[in-house]
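Let's take a walk through a protein by following its aromatic rings. Have the structure open and look for the ring-bearing side chains as we go.

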Amino acid sequence: LWDYLFGNESPLQKFDKSLPAYIDGLDGRTLTRGQLEESSLRLVSGLRALGVKRNDVACLWGLNSLEWVRTAYGCMAAGVTVSPANYAYAAHEIAHQVNDSGASVIFIDPSLLPVFDAARKELKRDFPNERVILLCPPEKKPKELAQYKVFDEVLGARGQPEHFPGQQSRDTAWLCYSSGTTGLPKGVMTTHNNMTSQLQALNIGYQQLVSGRDKVLGILPFSHIYGLTIVHFQPFTVGVPVVVLPRFEEISVLSAIQKYKITHGLIVPPILIILLNSTNVDKYDLSSLRTLMAGAAPCSPELTESFNKRFPHIALTQGYGMTECSPTTHVCTGEEVEGRAGWIGRLLPTFQARLVTEDGEDAKRGERGELWLRGPSVMKGYHNNPDATEKTMAPGGWYKTGDVLIIDDKGWYKVVDRVKELIKYKGFQVPPAELEGILLQHEKVADVGVIGVWDEAQATELPRAYIVAKNVNIKTGADRDALSAEVAAWLAERVAQHKRLRGGVVVVEMIPKSPSGKILRKDLRVRAQAERDAEVQLR
Ligand code: ATP
Ligand code: MG
């Protein structure tokens with residue numbers, strides 16, 4: 001990967017190494033590819049001085065920052081596997097990832113240190129102070145943390161990059177954890193080869209979405225593999241700088257778009273919902289923004305159309321992928337986007353795909369099937385988890401995605417839903433994402449999450465919607481009930497019988513979501529269980 005990005009064969013040889021590749025969206029600091037190469041080679045000797053060897057694992061835990069980027073590339077140059085962690089993790093979650101990944105050094109945002117300290121008692125190994133490195137510029141080092149070094153303080157003399165010829169390019173470059181939507185997050189071993197072929201595929205399939213004059217919004221968490229593509233791809237193949245922002249925060253994102261004249265953004269659907277409901281967008285000049293690509297979670301035709309109506313100058317498309325495929329497998333490009341709101345696009349050229357029905361047959365055109373994928377970007381396997389690897393890989397190198405899709409006669413794909421999340425109402429299957437897309441159009445619904453709740457009497461799951469209200473004053477239980485009834489009746493007019501919200505509509509303050517944009521249905525299920533227990537007690 002290092003050779004691909006910095007070597008003679010790299011697509012960026014044609015770009016000037018002294019131009020900014022990353023811009024800190026808050027303070028305007030810049031990082032050029034030349035500076036990045038220099039600091040990476042100096043981190044190689046810095047890591048060796050700490051006794052960190054090739055194929056050791058470094059945990060990288062912080063909000064997006066230039067130091068985060070420098071750590072990632074420096075570890076890559078040193079042949080050290082990087083396991084980036086979600087900044088929103090609580091103590092037991094970071095402990096799980098540090099233990100499971102076997103990390104022996106951690107690069108950490110100073111603001112997360114208290115959580116790490118709380119996690120220490122659950123850690124399998126000790127982290128002496130020199131193996132805890134702070135992600136901040138030297139001048140921002142907190143005084144009370146004098147016992148630790150910041151990133152720049154561990155740099156040594158310029159070292160040699162590790163090269164990964166042949167067999168060794170199957171060493172693990174990245175150990176990202178999947179989002180944990182359907183269970184515990186799994187460590188996904190992404191090899192140097194996997195990521196290199198992903199970048200080559202994007203270079204062919206995605207290139208036309210950005211041009212040399214663009215600036216890209218770096219707002220998705222870099223620790224998630226979708227955000228990670230932004231770190232690698234735009235600055236290194238098309239020479240487009242990334243404006244790095246620590247996390248999604250409405251005002252700082254809007255002002256960064258205006259200030260840096262950002263042209264292209266990779267985002268997740270909840271950001272579209274926030275922009276649609278926002279009263280601040282008109283206060284900023286967003287005219288530079290031409291394209292947005294949504295991914296990581298369902299983006300319905302209804303949401304796409306509402307967005308297009310409100311922001312006609314921004315072309316909104318979708319991408320699709322998963323941690324196990326490094327990650328992007330589909331993108332929307334070309335004129336066929338027209339009339340395909342809610343579709344995820346075509347397969348990137350380095351992948352092969354099958355849609356497999358429940359009977360194990362290949363689905364016919366227009367028929368639903370589970371997506372299976374094969375190709376050089378498919379992971380080596382799950383770390384420490386041969387059982388999960390075996391369950392998810394089919395003979396012939398096929399990775400079973402667990403997602404149900406359809407394909408049309410032009411080779412365009414559409415996601416129906418996850419196999420595990422389809423609600424089973426009697427003999428029917430109800431995709432929650434489809435109902436969410438429709439419900440979001442109701443004028444009094446700001447946000448929504450749908451789950452199936454078990455009904456003992458009828459021995460079936462019933463679709464239930466949790467909604468956040470807008471444009472309506474809710475003071476009493478009666479107001480709440482009225483809104484619930486209104487929304488349920490409104491939906492009933494728009495969907496087939498079996499998709500009606502027989503499990504009810506519950507008004508809530510917010511819909512739980514992960515930083516990578518997914519509705520945390522498991523949290524809604526916990527809530528549903530609690531509501532049920534409370535009800536039983538009342539009775
Ligand atoms: P886990 O595997 O731990 O349960 P996860 O699958 O959510 O979590 P990720 O690898 O972050 O972890 O997400 C990949 C999944 O996200 C895909 O399998 C798919 O279900 C969903 N996804 C990604 N892009 C899209 C999209 N454009 N539309 C709908 N769903 C998407
Ligand atoms: Mg998954």
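Searching the whole of this predicted model turns up 9 aromatic pairs. Start with tryptophan 2 and phenylalanine 6, whose rings are stacked, with 4.0 Å from centre to centre and 25° between the planes. You'll find both residues in helix H1, which covers residues 2–6. They sit 4 residues apart there, about one turn of the helix.

Are these two buried or exposed? Tryptophan 2 has a relative accessible area of 5%, so it counts as buried. Phenylalanine 6 is buried as well, at 8%. This duo also belongs to a wider group: ring pairs join Trp2 and Phe6 with Tyr73 and Phe236 in a cluster.

Now hop over to phenylalanine 107 and phenylalanine 151. Their ring centres are 6.5 Å apart and the planes meet at 50°, so this pair is tilted. What does the pair tie together? Phenylalanine 107 is part of strand S5 (residues 105–108), while phenylalanine 151 lies in the loop between strand S7 (149–150) and strand S8 (172–177), so the contact links parts that are 44 residues apart in sequence. Phenylalanine 107 is buried, with a relative accessibility of 0%. For phenylalanine 151 the relative accessible area is 0%, so that residue is buried too.

Rings can have charged company as well, so to speak, and here are two places to look. Arginine 54 lies over the face of phenylalanine 164, 4.5 Å from the ring centre. Over at arginine 310, the charged end sits above the ring of phenylalanine 311, at 5.0 Å from its centre.

Key: Residues are numbered from 1 along each chain as its sequence is written. Chains are lettered from A and ligands numbered from 1 in the order in which they are written. This is a predicted model: local features need pLDDT of at least 70, side-chain atom pairs count only at pLDDT 80 or more; totals for chains, interfaces and linings use all residues. Side-chain values use heavy atoms; hydrogens and water are left out. Rings of Phe, Tyr and Trp (its six-membered ring) pair if their centres lie within 6.5 Å; planes under 30 degrees apart count as stacked, over 60 as edge-to-face and the rest as tilted. Helices (H or I, at least four residues) and strands (E, at least two) are DSSP runs, numbered from the N terminus. Buried means under 20% relative accessible area, exposed over 50%, partly exposed in between (1.4 Å probe, protein chains only). A charge sits over a ring if NZ of Lys or CZ of Arg is within 6 Å of the ring centre and within 35 degrees of the ring normal.
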